[in-house]
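This report goes through selected features of one structure for a reader who has not seen it before. It covers ring contacts, annotated regions, close approaches and a surface patch.

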Amino acid sequence: MGDRGGAGGSRRRRTGSRPSSHGGGGPAAAEEDLRDAAAGPDVGAAGDAPAPAPGKDGDAGVGSGHWELRCHRLQDSLFSSDSGFSNYRGILNWCVVMLILSNARLFLENLIKYGILVDPIQVVSLFLKDPYSWPAPCLVIVANVFAVAGFQIEKRLAAGVLTEQVGLLLHVANLATILCFPAAVALLVESITPVGSLLALTVHTILFLKLFSYRDVNLWCRRARAKAKAASAGKKASSTAALHTVSYPDNLTYCDLYYFLFAPTLCYELNYPRSPRIRKRFLLRRLFEMLFFTQLQVGLIQQWMVPTIQNSMKPFKDMDYSRIIERLLKLAVPNHLIWLVFFYWLFHSSMNAVAELMQFGDREFYRDWWNSESVTYFWQNWNIPVHKWCLRWVVCVCGGMLNVAVNLSPFLCPLLCRHFYKPMIRRGSSRWMAKTGVFLASAFFHEYLVSIPLRMFRLWAFTGMMAQVPLAWLVGRFFQGNYGNAAVWVTLIIGQPIVVLMYVHDYYVLNYEAPAVGA
């Protein structure tokens, strides 16, 4: 369009001194007019509308001459909402470039100030304090005892050796031991490290959730079998089961149990969707990502977070609030970056690698939580395996007065809906009460996975999770759309460093300052 206008303009400039066809310019002038007409109207630089048609006498109208020279029209600026413009890809690229440059400067400043602090060998000391004492790996191995115990209880329930009441008591005792035994070891055994304790407690928490689901699904199968027998009334039931489909109680095998224990899900099913084959290239990419991002997280923690946390102790000791805020903001950047790397490493690389090895078909481990416009939407979509578990089960203890559920992962909250939220709704609780119960149980298990490895109880993680309840209401009430999404990102970026600094400060005071003062 612009090219035609430019060409037409050049032609008009070349023939500007020629007489018009009205003045008898001859065949040459008429031919030039025909070429200009074929080239189309000059829309100018801004795409003007064509000039009005000439009148009967061939003129365009009084005062409207030279329409082909106009370059202005009625239009909005691109940044105005009425313009309808939405292609801001260049600005997004600019933000990415600025983010990379700013963090590169911080990284260079860190190297100049502290040198290279990355030491992969030091990571081993985080798991083992005494090379001849391995309490954390032993706890992981002992977890098999509880898994086999739950399996044997189900076998005897299926055979009718145990009543449902006795089976329930045995399952409750087994599940309670799964949580209490590693906690007691972590608190009483001196040779276990905080990181080792966290690893062992995480494994036992996952086992708790899986056996919880395992027990409930088998209970539902027994009830369905009893109803089917009662409905048949002695008639021979026709088998409509599909090929390669497992039915109860044929699922009660060790192979089925351990497939479930290693599968990247918390919800037990008799028949999972399976992928047709193992994609070797896909698996190798995921394994490479696991190795690379593991090293990246270790390097970022040792090189960036540890010095920042160490430099934050003096402002906390002096209660210098301006310096505390400065340290908090400085810690927010590496902490959030490590959290994002951890999310990709766990929910995409690791879970996809395990699912590919086991040919586990359901790969929905996360949804678009980064588009969250509310706190509730974030917790429902960032950890789908846990969220599915929450939507499914609840156990009632003490005559139904106590609903127990758990939440897993280092940032455990979306878990308690299927096993906790919906059962509370069915029992007549309000949605607000059910949501509060979900966050309450999640807050408890956050504190369980933090305070026990650190051997101190400060309730910072519990308070941070319970603060999500009023925060969810506040964001949902006053922030909508992009503002709600920005509010969610601010809580993620700022909230976690606050809890980290609180625990690090208390741990430092308890384990370093107090012994020094006593000495």
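In this predicted model, the charged end of Arg-286 is placed over the ring of Phe-282, 4.7 Å from the ring centre. A second arginine, Arg-279, lies over the face of Phe-282 as well, at 4.2 Å from the ring centre.

**Aromatic pairs**

Aromatic rings also pair with one another, and the count comes to 33 aromatic pairs. In one of them, Tyr-366 and Trp-370 have ring centres 6.4 Å apart and planes at 55 degrees, so the pair is tilted. Trp-369 and Trp-489 form another tilted pair, with centres 5.6 Å apart and planes at 55 degrees. This second pair links distant parts of the chain, since its members are 120 residues apart. Trp-369 is in the loop between α11 (321-358) and α12 (375-381), while Trp-489 belongs to helix α18 (residues 482-518).

These four residues are part of a cluster held together by ring pairs. Its members are Trp-339, Phe-343, Phe-347, Tyr-366, Trp-369, Trp-370, Phe-378, Trp-379, Trp-382 and Trp-489.

How are the residues of the two tilted pairs classed by relative accessibility? The table gives the values.

| Residue | Relative accessible area | Class |
|---|---|---|
| Tyr-366 | 24% | partly exposed |
| Trp-370 | 37% | partly exposed |
| Trp-369 | 4% | buried |
| Trp-489 | 23% | partly exposed |

Trp-369 counts as buried because its 4% relative accessibility is under the 20% limit. Trp-489, its partner in the tilted pair, is partly exposed at 23%.

**Annotated regions**

An unreviewed UniProt entry places the feature "transmembrane region" at residues 132-154, 166-189, 195-213, 328-347, 391-416, 437-454, 460-479 and 486-505. Two of these spans can be described in the model. Residues 328-347 are 100% helix and 0% strand, and the C-alpha atoms at the ends are 27 Å apart. Residues 437-454 are likewise 100% helix and 0% strand, with 26 Å between the end C-alpha atoms.

The unreviewed UniProt entry also places the feature "active site" at His-446. In the model, His-446 lies in helix α15 (residues 431-454). Is this residue buried or exposed? His-446 counts as buried, because its relative accessibility is 9%.

**Approaches between separate parts of the chain**

Leu-219 lies in helix α7 (residues 194-232) and counts as buried, at 7% relative accessibility. The C-alpha atoms of Leu-219 and Glu-154 are separated by 8.7 Å, although the two residues are 65 residues apart along the chain.

Gly-476 is in helix α17 (residues 468-478). With a relative accessible area of 38%, Gly-476 is partly exposed. Gly-476 and Ser-374 are 102 residues apart in sequence, yet 5.8 Å separates them in space, C-alpha to C-alpha.

**A nonpolar surface patch**

What makes up the nonpolar surface patch of about 920 Å²? The contributing residues are Leu-78, Phe-79, Phe-85, Tyr-88, Ile-91, Trp-94, Val-97, Met-98 and Leu-101. One of them, Leu-101, has its place in helix α3 (residues 89-114). Leu-101 counts as exposed because its relative accessibility is 53%, and the class begins over 50%.

Conventions: Residues are numbered from 1 along each chain as its sequence is written. This is a predicted model: local features need pLDDT of at least 70, side-chain atom pairs count only at pLDDT 80 or more; totals for chains, interfaces and linings use all residues. Side-chain values use heavy atoms; hydrogens and water are left out. Patches are made of residues with over 30% relative accessible area and no salt bridge: like charges are joined within 9 Å, nonpolar side chains (Val, Leu, Ile, Met, Phe, Trp, Tyr) within 5 Å. Accessible areas come from the Shrake-Rupley method with a 1.4 Å probe; for residues, only the protein chains shown count as cover. A salt bridge is a side-chain nitrogen of Lys or Arg within 4 Å of a carboxyl oxygen of Asp or Glu. Helices (H or I, at least four residues) and strands (E, at least two) are DSSP runs, numbered from the N terminus. Buried means under 20% relative accessible area, exposed over 50%, partly exposed in between (1.4 Å probe, protein chains only). Rings of Phe, Tyr and Trp (its six-membered ring) pair if their centres lie within 6.5 Å; planes under 30 degrees apart count as stacked, over 60 as edge-to-face and the rest as tilted. A charge sits over a ring if NZ of Lys or CZ of Arg is within 6 Å of the ring centre and within 35 degrees of the ring normal. UniProt positions are given in the numbering used here, feature names are shortened, and annotations may be inferred rather than shown by experiment.
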